[in-house]
Amino acid sequence: MFELLRRNTIVAGVLAIIRIYLGYAWITGGWVKITGGEFDATGFLHGAIGKATGEHPAVQGWWAAFLETVALPNAGLF
């Protein structure tokens, strides 16, 4: 499989197109969030903090503490 990815120019071209498209999509999406001023992370942060409790927490306690004490008060920055 690795030899196919390394030596086949068609596969390399297809992967290059996919990588360029993904890079463009991520850059434009991030740029809109930075310059648009409409992005708000407080809902995401509250959801992550809420998932730190229960029988099978999805978020570790130390990360939830960081989100609650540092990230949530500065949600505009995050």
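Which helix gives the largest share of the nonpolar patch? Hold that thought for a moment, and let me say up front that we're looking at a predicted model.

Okay, the answer: it's α2, which contributes seven residues to the nonpolar patch. The patch sits on the surface and covers about 1200 Å². Its members are Met1, Phe2, Leu4, Leu5, Ile10, Val14, Leu15, Ile18, Tyr21, Leu22 and Trp26. Two helices, α1 (2–7) and α2 (9–36), each put in at least two of those residues. Take Phe2 as one of the patch residues. Phe2 lies in helix α1, and its relative accessibility is 63%, so it counts as exposed.

While we're on helix α1, let's talk about charges. How many salt bridges does the structure hold? Just one. The partners are Arg7 and Glu3, whose side chains meet at 2.8 Å, N to O. Why are these two about one helical turn apart? Because they are four residues apart in helix α1. Now look at how open each partner is. Arg7 has a relative accessible area of 66%, so we call it exposed. Glu3 comes in at 42%, which means it is partly exposed.

Next, helix α2 again. UniProt has an unreviewed entry here, and that entry lists residues 9–27 as "transmembrane region". That's what the record says, so let's see what the model shows for that span. The stretch 9–27 is 100% helix and 0% strand, and its two end C-alpha atoms lie 27 Å apart. Ile17 is a residue of helix α2 too. Is Ile17 buried or exposed? It's exposed, because its relative accessibility is 60% and the cut-off for exposed is over 50%.

Let's step back to the whole chain. It's divided into domain 1, residues 1–37, and domain 2, residues 40–77. Taken over C-alpha atoms, the centres of domain 1 and domain 2 are 30 Å from each other. A couple of residue pairs give you a feel for the distances. Ile17 and Ala52 are 35 residues apart along the chain, and 39 Å separates their C-alpha atoms. Then there's Val70 with Ile34: they're 36 residues apart in sequence, and 20 Å apart in space, C-alpha to C-alpha. Val70 belongs to helix α4, residues 61–71. With 32% relative accessibility, Val70 is partly exposed.

Last stop, the aromatic rings. To describe a pair of aromatic rings, you give the distance of the centres and the angle of the planes. How many aromatic pairs does the count come to here? Two. One that I'd like you to find on screen is Trp62 with Trp63, with centres 5.7 Å apart and 75° between the planes. Why do we call that pair edge-to-face? Because planes over 60 degrees apart get that label, and this pair has 75°. These ring pairs also bring in Phe66, linking Trp62, Trp63 and Phe66 into a cluster. And how open are the two Trp residues? Trp62 has a relative accessible area of 60%, so it's exposed. Trp63 has 38%, so it's partly exposed.

So, to wrap up, here are the places to click on. Start with the nonpolar patch, where α2 has the largest share. Then find the salt bridge between Arg7 and Glu3. Finish at the cluster of Trp62, Trp63 and Phe66. That's all from me, thanks!

Technical notes: Residues numbered from 1 in each chain as written. Predicted model: local features only at pLDDT ≥ 70, side-chain atom pairs only at ≥ 80, totals over all residues. Heavy atoms only, no water. UniProt positions renumbered as here; feature names shortened; annotations may be inferred. Phe/Tyr/Trp six-rings, centres within 6.5 Å; stacked < 30°, edge-to-face > 60°. Buried < 20%, exposed > 50% of the residue type's maximum accessible area, 1.4 Å probe, protein only. Patch = residues over 30% accessible without salt bridge, like charges linked within 9 Å, V, L, I, M, F, W, Y side chains within 5 Å. Areas by Shrake-Rupley, 256 points an atom, 1.4 Å probe, with all protein chains shown as cover. Salt bridge = Lys/Arg side-chain N within 4 Å of Asp/Glu carboxyl O. Domains from an automatic or database assignment.
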